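Biologist: I'm new to this one and would rather start small than try to take in everything at once. Could you pick a single part, look at it closely, and then show me what lies around it?

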Amino acid sequence: MIKISHETPLCLLNDSLNFNDYDYCLPHLLDEEEGYEEFFRQSKEEGRYIIMDNSLHELGEAYSTDRLMYWINELTPQEFIIPDVWEERDASVVNARKWAQIKLPEGVEKVAVVQAQTIHEAATCYQTYKDLGYKKIAFSYGAS
């Protein structure tokens, strides 16, 4: 079954419950927007499926590890997209090795994102994630 979720502006978060199958959380907004935090705490309480990103696209780099860990422990999303580095395979793999060793709350699945500049890099990035034990691997949108 296909599931759909649109990133929605803050003013439409409550309306998004009518058209999103799951909630997509940007952790930096949890620290910046009070209403955003309230929305995701309510989503957790209602048992909605939450995928927490690392805010790479929005910030230009992944959100800080200490704040990511704080919010992962607070919200226990069903999925967490580990920090990656835009179009940088080697840096993304270094992060994946680090995060493979970090224990997350039970029920939080780590998702690694393939980052690369060539098809060869993408293939080796994917294989490295598999070798590290990642069960869920995503592909970056719009990468070269």
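Modeller: Let's start at a turn in the chain: just after α3, glycine 47 takes a positive phi of about 75 degrees. Keep in mind as we go that this is a predicted model. Glycine 47 sits in the loop that runs between α3 and β2. With a relative accessible area of 57%, glycine 47 counts as exposed, since the cut-off for that word is over 50%. Along the sequence, glycine 47 is 30 residues away from proline 77, yet in space the two are 9.9 Å apart, C-alpha to C-alpha.

Now step back into the helix itself. Helix α3 covers residues 34-45, which is 12 residues. From its first C-alpha to its last it reaches 17 Å, close to the 16 Å expected at 1.5 Å a residue. So which of its residues are buried? They are Tyr36, Phe39, Phe40 and Ser43. Looking down the axis of α3, you'd find these buried residues within an arc of 90 degrees, so they line one face of the helix. Turn to the face pointing away from that buried side and you meet Glu34 and Glu45, both exposed. And what do the buried residues pack against? Their partners are α1 (13-16), β1 (23-25), α2 (27-32), β2 and α5 (65-75).

One of those partners, β2 (50-52), takes us onward, because the loop from β2 to α4 holds serine 55, which is buried at 0% relative accessibility. The phi of serine 55 is near 70 degrees, a positive value in a residue other than glycine. That's worth a second look: most residues other than glycine have a negative phi. Glutamate 87 does something similar, with a positive phi of about 55 degrees although it is not a glycine. You'll find glutamate 87 in the loop between β3 and α6 (89-100). Its relative accessible area is 13%, so glutamate 87 is buried too, the cut-off being under 20%.

Past that loop with serine 55 comes α4, and it brings us to the pockets. The largest pocket has a volume of about 370 Å³. Its lining is made of 17 residues, and those nearest its centre are Tyr24, Asp53, His57, Val113 and Tyr141. Two elements, α4 (56-59) and β5 (136-139), give two or more residues each to that lining. The largest share comes from α4, with 3 residues. By class, the lining splits into 8 nonpolar, 5 polar and 4 charged residues.

The second largest pocket has a volume of about 210 Å³. Tyr24 turns up again here, in a lining that also includes Tyr22, Tyr49, Ile51, Lys136 and Ala138. At least two lining residues come from β3 (79-81), and at least two from β5. In this lining, 7 residues are nonpolar, 2 are polar and 3 are charged.

If you want one picture to keep, take α3 with its buried residues on one face, the exposed Glu34 and Glu45 on the face turned away, and glycine 47 just after the helix.

Terms used:
Residues numbered from 1 in each chain as written. Predicted model: local features only at pLDDT ≥ 70, side-chain atom pairs only at ≥ 80, totals over all residues. Heavy atoms only, no water. 1 Å grid on protein atoms, 1.4 Å probe; cavity = no way out; pocket = protein on both sides within 12 Å on 5 of 7 lines; lining within 4 Å. Points joined across faces, edges and corners; volume = space filled by probe spheres on them. Helix = DSSP H or I, 4+ residues; strand = E, 2+ residues; numbered from the N terminus. Nonpolar A, V, L, I, M, F, W, Y, C, P; charged D, E, K, R; others polar. Buried < 20%, exposed > 50% of the residue type's maximum accessible area, 1.4 Å probe, protein only. Expected span 1.5 Å × (residues − 1). Arc of directions from axis to C-beta. Contact = heavy atoms within 4.5 Å.
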